[in-house]
Amino acid sequence: MSKTATSLELTIGDRPSRTTNFEWLCKELRSAILEGRLKREMRLPSTREFARRYGLGRGTVVTAFEQLHSEGYLEGKVGVGTFVNRLLPEDFLQAKRLKDTMPPSKKRISAVPLSQYARRLGDPPHTQSLPPRAFRPATPAFDLFPLELWAQIASRRLRRATVALLADVDPRGYLPLRQAVADYLGSARGVRCTTSQVIIVAGIQQALDLTARLTLDPGDPVWVEDPCFPGVAAMFRSLGAKIVPVPVDEGGLNVEQGRRSCEQAALAYVTPAHQFPLGFAMTAERRLALLDWARRKHALIFEDDYDSEYRYFVRPIPALQGLDRDESVLLAGSFSKLLFPSLRLGYVVVPDRLIDKFAAARFTMDRHSSVIDQAILCDFITEGHFALHIRRMREFYAERLGTLQEAVRQQLQGVLRLDETEAGVQAVGWLGQGLNAEQVAAAATNCKVELAPVNRFILKKKRAEGFVLGFAAIGRRELRRGVDCLASLLEQQVGRKRSI
Ligand SMILES: Cc1ncc(COP(=O)(O)O)c(C=O)c1O
């Protein structure tokens, strides 16, 4: 039988002035329970007895008991009385901190019933080390980003912020940024669009994910350039789309081959400005053939216009979207490489008929991108810093490309041939006969050089042995160190081959 609290256990302090009896009683009872003077499951005296013992009105005691009951400290048992609860609210609030190093149990994970989507996802990526090493692809120069200027713009924005900056915005994005992007795309990329067609997204990856969700059902065929950016193929796979690999040559995606493989595809994914990762620009003839196919088949084209601003020796090639007269093309671009990847901001220009669907999908997914980041980016663009940054980076990247080309010429003659590189943040180098890119890449990790074999980007058709060599993210010394390391590794491989 449970013990009833005695007056000893309920010794309670004096009531401070400006505190009501009710507030004081609740506080004293909570303290007595938490300090263990009133034990768990202990029965309290009846409200009548309690009121008499402490000289309180019975109504005050009844309301205080009700309050602590609703907070979870007391429980009432009909006909028996009021008890201190066995489990107190603090038991739930003070959960023990789990050890950060605890590895997730593979067994536990496999026992969770997963959706088809979850089962189609690949492994999560490894986080990349900093600073970037030679020859990390698809990465801009962090060391050259005007971080102080960005911080000034950010702090000015925050100092002058009104409450409007705290509220949700249209899922299509912060309107002044959409206007700035529409102006920029018209003048710099030959894109024909209104502000309402521009939707701010968390990068090209999200633009593609939204497009695929809105236009493809599981099993629907989609043309994907072969080779391609691995994130693109992973995304289509995760949604259960049927990837139709379409080979790429010097003229870009081979439209004829695509039609032969699957005339009825619902969507075509292309990188016409400079193919990822091979760097070819799609010819005018292929562009027209692709638009013609899309028009006749009522298919859509997703134009991934990633870092097309970085073209070093000739003017940037205008976007395919500018040639479209049938609302077939969605064009997506990103600030990940033009500015910095952690910003997670990009845009997609969509045909009028798809605007509302994109807005609804983005709202359902995650509402919109951070408004404060969008506002800072907007200032960066409209105050002219963006255009200036691109011009500056073009010069630095051209210089870094020159360093790579020169070092390869001097040290890798006969074993590695660099393709002509006119654009982007990476070059492609092909290995001499009999050399194996994966073996060299594995050995290069020992000297902390990152090599990405071309065949890691293929979907179906294996290519010759070569590497995608990022040059923009690293300075002259690191580029030369990378080439030195590559030269000694290739020498070892050639030596080994000769001795066999
Ligand atoms: C060709 C290509 N498309 C898309 C992406 C994804 O871009 P974002 O960071 O804007 O999602 C990348 C990233 O490297 C890329 O190289």
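**Exercises on helix H2 and the nonpolar cores**

On the side of H2 that faces away from its buried residues, the exposed residues Arg 48 and Arg 52 are found, where exposed means over 50% relative accessible area, buried under 20% and partly exposed in between (1.4 Å probe, protein chains only). The model is predicted, so local features need pLDDT of at least 70 and side-chain atom pairs count only at pLDDT 80 or more, while totals for chains, interfaces and linings use all residues. Residues are numbered from 1 along each chain as its sequence is written, and side-chain values use heavy atoms, with hydrogens and water left out.

**Exercise 1.** Work out which residues of helix H2 are buried, and why they lie on the same side.

*Solution.* Begin with the buried residues of H2 (47-54), which are Thr 47, Phe 50, Ala 51 and Tyr 54. They cover an arc of only 95 degrees around the axis, which puts them on the same side of H2; the arc is taken from the directions from the helix axis to the C-beta atoms. Next, these buried residues pack against helix H1 (21-34) and helix H3 (58-71), helices being DSSP runs (H or I, at least four residues) numbered from the N terminus.

**Exercise 2.** Locate the largest nonpolar core relative to the domains.

*Solution.* Of its 73 residues, Phe 135, Phe 335, Leu 339, Leu 404, Leu 451 and Phe 467 touch the most other members. Because domain 2 (145-387) and domain 3 (390-499) both give residues to this core, it lies between them; the bounds come from an automatic or database domain assignment. A nonpolar core is a set of buried Ala, Val, Leu, Ile, Met, Phe, Trp, Tyr and Cys residues joined through side-chain atoms within 4.5 Å.

Terms used:
Helices (H or I, at least four residues) and strands (E, at least two) are DSSP runs, numbered from the N terminus. Contact means heavy atoms within 4.5 Å.
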